[in-house]
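Reader: Hi! I have a few beginner's questions about how the terms here are applied. Could you walk me through them?

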Amino acid sequence: MTTALTAKPASTNSLLSPEADQASALAAYNGILTIDLDAIVANWRKLEKTAMPAECSAVIKANAYGCGIEPVARALAGAGCKTFFVATLDEARAARAALPQAAIYVLSGFLQNTGEAYAKIDCRPVIGELNELAEWDVFCRRSGWSGGAAIHIDTGMNRLGLTVLEAQGLIPRINAGDHGITLVMSHLVSGEQLNSPVNARQLAAFRQIASFFTGVPASLANSSGIYLGAPFQFDLVRPGAALYGINPTPEADNPMQPVVDLKARIIQIRNVERGETVGYGGTWTARRPTRLAVVAAGYADGYFRAASANDGTRGAEVIVAGKRCPLAGRVSMDLIGVDITDLPPNAARRGHMVTLIGEGITVDELAHHFGTIGYEVLTSLGRRFARVYKGGVPSEAAPSPA
Ligand SMILES: *Cc1c(COP(=O)(O)O)cnc(C)c1O
């Protein structure tokens with residue numbers, strides 16, 4: 001189970017201090033995922049400044065990239081963010097619960113017979129197909145609903161969106177006014193590659209079609225697109241990953257602050273003799289008498305098996321007592337082995353926490369070991385960890401001091 005431990009008030013009749021209460025609540029967990037809401041807000045402000053005068057929205061789909069949709073939405077709304085994007089109606093419901101005022105767009109579009117659901121929570125579909133548009137129009141006509149929708153135009157992704165030709169067919173509707181379209185958008189294929197020729201092609205195509213949508217705000221840039229420069233920013237930018245600390249400019253230093261810290265507990269320390277192997281398959285052999293910390297996190301927690309250390313291939317590293325230590329052996333479902341031979345004796349003990357993400361180990365570094373991107377690392381982090389939120393908007397549930 002995940003719990004927002006900082007948001008939970010200490011019970012008033014507790015004999016323990018709030019800190020001790022929290023410590024005892026955390027003692028039951030083998031992993032602690034700390035999400036720094038202030039860092040998310042700082043990242044949003046930085047993106048907003050970079051994209052000025054465009055509006056800076058926030059993409060909070062997939063549970064805010066694993067960081068928690070409600071606390072993240074609340075923190076960003078508190079900082080002044082007015083427009084949010086989610087992937088599904090279900091996410092839109094969760095977002096609306098935290099965002100009484102904001103505009104909320106649903107990226108996956110308009111499913112048949114969901115008009116009432118949209119109207120009920122006052123959310124807007126991102127329409128990416130002419131059939132969807134026709135069904136949405138029917139719903140709006142019949143119900144009198146006029147909450148608005150976005151039109152997604154495909155400029156090269158070939159995933160969602162009207163073709164440019166189909167979008168041209170909407171121009172008379174736009175010119176006639178009262179069209180119900182509150183945003184026109186497209187999505188970049190390779191925004192993180194500064195020199196990809198696809199960026200300029202998509203920009204030209206989108207700029208032309210958007211210019212026909214007179215009076216409708218236009219949006220093209222995701223996190224990386226913001227860093228492609230002003231021409232890509234239009235009226236509204238849609239960052240996701242960068243809010244959560246992932247580098248939007250992978251060819252340069254990361255301009256964003258880290259957001260996530262992940263610690264996991266050492267549940268056993270053991271000695272491994274030279275020549276013995278560690279873990280499934282016996283793929284890692286001790287080259288010296290080895291001290292091994294067995295840490296309670298594994299691929300079921302989103303710590304990918306691809307990070308395993310085998311004879312001849314180094315795996316990921318974790319930080320134990322302030323020092324980087326290499327994995328030893330395969331990552332299993334619930335456990336990893338860490339070679340702590342180079343630490344001073346007793347620097348690490350059973351019950352201590354080690355750092356899997358944080359203290360210089362970035363989500364992007366781990367993604368490299370996992371053979372994937374930071375997006376997949378964050379959205380895979382498991383449900384067995386306790387969740388602690390730092391900063392952000394004080395929880396409404398918190399009691400006023402007696
Ligand atoms: C996910 C998504 C974004 C955010 O992309 P990041 O690369 O995470 O900034 C923006 N627009 C659309 C259409 C998306 O699906």
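Reader: Why are Arg-74 and Glu-70 separated by about one helical turn?

Author: Because Arg-74 and Glu-70 are four residues apart in helix α4 (residues 69-79); a helix here is a DSSP run (H or I) of at least four residues, numbered from the N terminus. This is a predicted model, in which local features need pLDDT of at least 70 and side-chain atom pairs pLDDT 80 or more, while totals for chains, interfaces and linings use all residues. Residues are numbered from 1 along each chain, and side-chain values use heavy atoms, without hydrogens or water.

Reader: What makes Arg-74 and Glu-70 a salt bridge?

Author: The rule asks for a side-chain nitrogen of Lys or Arg within 4 Å of a carboxyl oxygen of Asp or Glu. The closest N and O atoms of Arg-74 and Glu-70 are 3.9 Å apart, so the pair qualifies. By this rule, the count comes to 14 salt bridges.

Reader: How do you know that the ligand has a polar contact with Lys-61?

Author: A polar contact is a pair of N or O atoms within 3.5 Å. A ligand oxygen is 2.7 Å from a side-chain N or O atom of Lys-61, so this pair meets the cut-off. A ligand nitrogen is 3.0 Å from such an atom of Arg-238, and a ligand nitrogen is 3.4 Å from one in His-187, so these pairs count too.

Reader: Which classes of residue make up the shell around the ligand?

Author: Seven are nonpolar, four polar and three charged; Asp, Glu, Lys and Arg count as charged, Ala, Val, Leu, Ile, Met, Phe, Trp, Tyr, Cys and Pro as nonpolar, and the others as polar.

Conventions:
A polar contact is a pair of N or O atoms within 3.5 Å; within protein, one must be able to donate a hydrogen and the other to accept it, and residues adjacent in sequence count only if both atoms are side-chain atoms. Helices (H or I, at least four residues) and strands (E, at least two) are DSSP runs, numbered from the N terminus.
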